[in-house]
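Work through the exercises below with the sequence and the model at hand. Each task is followed by its solution.

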Amino acid sequence: MVDKTSDVRAIDKKREPRKRIAHLDYLFVAPAALFLLLFMVYPVLFNISLSLRDVTAATLLDTSQNTFVGLSNYAKVFQNPAFATTVINTLVFTFFSLVFQLGLGMALAIFYTRSFPGARYMRGLYLVAWTIPIVVSGSVFRWLLEGDAGVINYLLRTLGLIHQSIFWISNPNTALVSVIFVNIWLGLPFNLTLLIAALQGLPQEVYEAASIDGASGWQKYRFVTLPMLRPALLSIVVLGLIYTFKVFDLVFIVTGGGPLNASDVVSTLAYKMVFRDFLFGQGAAILNLLFVVLFVLSLFYIRTTQREEV
Amino acid sequence: MKTLFSLYHRGYGLSLLGLLMLAIFLFPIYWMVLTALRPSTEIFAYPPHFLPNVVDLGPIKQVLSDPKVPRYFINSAIVGLGCTVLSLLLATPAAYALAHLPLRGKSLLMLISLSSLMFPAIMIATPLFVIFSRMGLSDSYFGLIVANTTLALPFAIMVLRPFFLAIPKQLTEAAKIDGCTTWGAFWRVILPLSVTGLLTTAIFTFLIGWGDLLFAITLVNSDEVRPITAGIYANMGNNTIRWNAVMAISTVAMLPPLVLFLITQRYVVRGLTVGAVKE
């Protein structure tokens with residue numbers, strides 16, 4: 001390959017070297033592009049096809065046997081009360097996760113960008129929570145939230161906030177709250193790291209100018225930091241939206257979506273439909289709906305970040 | 001207490017507060033390790049003992065004496081490293097080309113990479129299950145590595161590209177004038193300058209491969225190939241969960257990513273803010 005390239009170059013060097021080389025340059029991106037085409041784009045198309053057919057466990061591997069049923073899988077999904085529940089759950093989950101991740105993340109980011117001994121090292125260590133597998137943190141939190149011997153119940157009782165043990169995970173009223181709580185913990189380091197980077201990227205002169213004008217700490221934050229942070233905040237929010245919207249592992253390991261559908265989100269419902277109930281068509285329909293939402297959000301994200309770069 | 005006060009007066013007040021908040025945040029991890037090192041009687045003590053009064057290696061030994069667990073661990077290592085190697089092989093030339101070479105359709109590839117970052121893994125789980133079953137790749141390392149690479153590759157491209165952008169384009173041009181092909185310039189001049197970027201990307205892709213649960217439970221059905229994440233999940237399935245055993249296997253599963261992170265923390269923080277993402 002390399003030899004051929006140099007031969008071609010040697011011959012064509014004088015005439016039009018640019019054009020020749022440019023063609024071979026596509027070989028740099030070709031493997032990655034082919035891989036994505038085969039294992040990313042094709043699966044998306046496959047899902048669309050799956051959602052328009054009547055597929056059973058017996059016919060899954062042989063697509064020719066599946067009859068075309070139009071949009072009836074989508075109709076069934078919309079008629080399924082569990083779907084409405086999971087959409088609401090996903091929205092609630094996403095909203096509260098983001099509010100707390102950003103709120104706490106911002107407070108911690110402001111704190112850890114102050115210069116004190118160890119600040120840099122400490123804020124890095126928050127990322128420990130982000131590096132370990134979600135299955136691991138998920139099972140730890142199941143243990144912490146356990147009804148009888150869980151530490152969280154113990155703390156709440158000691159503080160006098162509850163009088164009886166709460167069975168967080170098996171109680172339909174608290175299951176969703178539990179997964180939101182765990183997700184806030186899980187997403188905080190990521191938000192914190194990006195917010196710290198954003199805060200450090202702000203020009204310091206503006207703060208000096210504000211100090212000279214006699215601005216207080218809060219005023220500086222409200223009228224200098226926040227407005228300047230807006231573009232970065234927007235992209236962090238959209239990124240958070242996307243990652244929270246597609247959450248799977250966490251809910252799957254902490255509550256399994258239960259009891260019943262009390263804490264199911266869209267992705268866990270789709271998983272159950274496909275891999276437990278073998279409703280491949282309906283599962284694919286749900287995933288396609290999720291895909292549309294995520295795709296729109298991604299385009300929005302790309303637009304915001306590109307504007308930021310310009 | 002006295003020392004605390006003197007530390008405070010010497011200007012360490014913020015440090016102490018920062019340390020306290022960090023300790024609260026990381027408490028779950030401490031609690032996991034503590035539980036893994038406790039006999040069953042100690043686990044259900046009420047009120048819970050927050051300090052390691054009895055250290056018992058029993059649960060860890062018990063977990064490791066089950067021959068399946070070391071197997072799971074090795075499987076995860078194979079999948080994690082395989083995902084790293086495959087992602088780097090595919091992503092490095094692509095990211096370089098996206099940063100330095102004048103190609104048509106670049107923005108399309110960028111768009112695909114960026115938007116596939118946002119893909120839920122579950123979306124490709126069913127199609128991959130079908131594709132792999134047809135190709136005879138289900139229940140194989142190769143299938144798992146490929147599946148994880150679909151998630152890791154777009155990410156790797158996004159993390160690597162900024163590193164290449166930071167290298168002046170004139171270097172490629174200069175190498176070419178000196179008689180290198182584009183490939184030669186990439187291999188001999190650019191790559192040696194991008195070691196940091198490659199290392200950062202390697203860490204991230206390994207974390208993706210090691211931490212995956214979804215593909216581990218959908219594309220695998222034998223213990224020979226099953227990664228440790230799926231092993232933990234299997235342990236949680238029972239109604240009576242033996243918490244010290246679950247925490248022991250969780251601790252084992254946490255160690256490689258944790259050690260890797262502690263060694264390479266600087267790169268992780270930088271890479272995260274440049275490329276901005278893991279699932």
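Helices here are DSSP runs of H or I with at least four residues, numbered from the N terminus. The model is predicted.

**Exercise 1.** State which residue just after α13(A) takes a positive phi, and give the angle.

*Solution.* Go to the residues that follow the helix. Just after α13(A), A:F278 has a positive phi of about 55°.

**Exercise 2.** Decide whether helix α13 of chain A is largely enclosed or not, and list its buried residues.

*Solution.* Start with the cut-off: buried means under 20% relative accessible area. Next, take the range: α13 of chain A covers residues 266-276. Then list the buried residues of α13(A): A:V266, A:S267, A:T268, A:L269, A:A270, A:Y271, A:K272, A:M273 and A:V274. That makes 9 of the 11 residues, so the helix is largely enclosed by the rest of the structure.

**Exercise 3.** Describe the fold and dimensions of chain A.

*Solution.* Begin with secondary structure: chain A has 14 helices and 2 strands. Now compare radii of gyration. Chain A has 26 Å, whereas a compact globule of 310 residues would have a value near 19 Å. Finally, take the box along the principal axes: the C-alpha atoms fill roughly 80 × 65 × 30 Å.

**Exercise 4.** Characterise the packing and surface of chain A.

*Solution.* Of the 310 residues, 53% are buried. Among contacts with a separation of 6 or more, 64% join residues 24 or more positions apart. The exposed area is about 14,900 Å², and carbon and sulfur atoms supply 65% of it. Last, count charges: 23 side chains are positive and 17 negative, with the centres of the two sets 4 Å apart.

Note on methods: Residues are numbered from 1 along each chain as its sequence is written. Chains are lettered from A and ligands numbered from 1 in the order in which they are written. This is a predicted model: local features need pLDDT of at least 70, side-chain atom pairs count only at pLDDT 80 or more; totals for chains, interfaces and linings use all residues. Side-chain values use heavy atoms; hydrogens and water are left out. Buried means under 20% relative accessible area, exposed over 50%, partly exposed in between (1.4 Å probe, protein chains only). The radius of gyration is taken over C-alpha atoms; the globule rule is 2.2 Å times the number of residues to the power 0.38. Contact means heavy atoms within 4.5 Å. Accessible areas come from the Shrake-Rupley method with a 1.4 Å probe; for residues, only the protein chains shown count as cover. Lys and Arg count as positive and Asp and Glu as negative; His and the chain ends are not counted. The place of a charge is taken as NZ of Lys, CZ of Arg, CG of Asp or CD of Glu.
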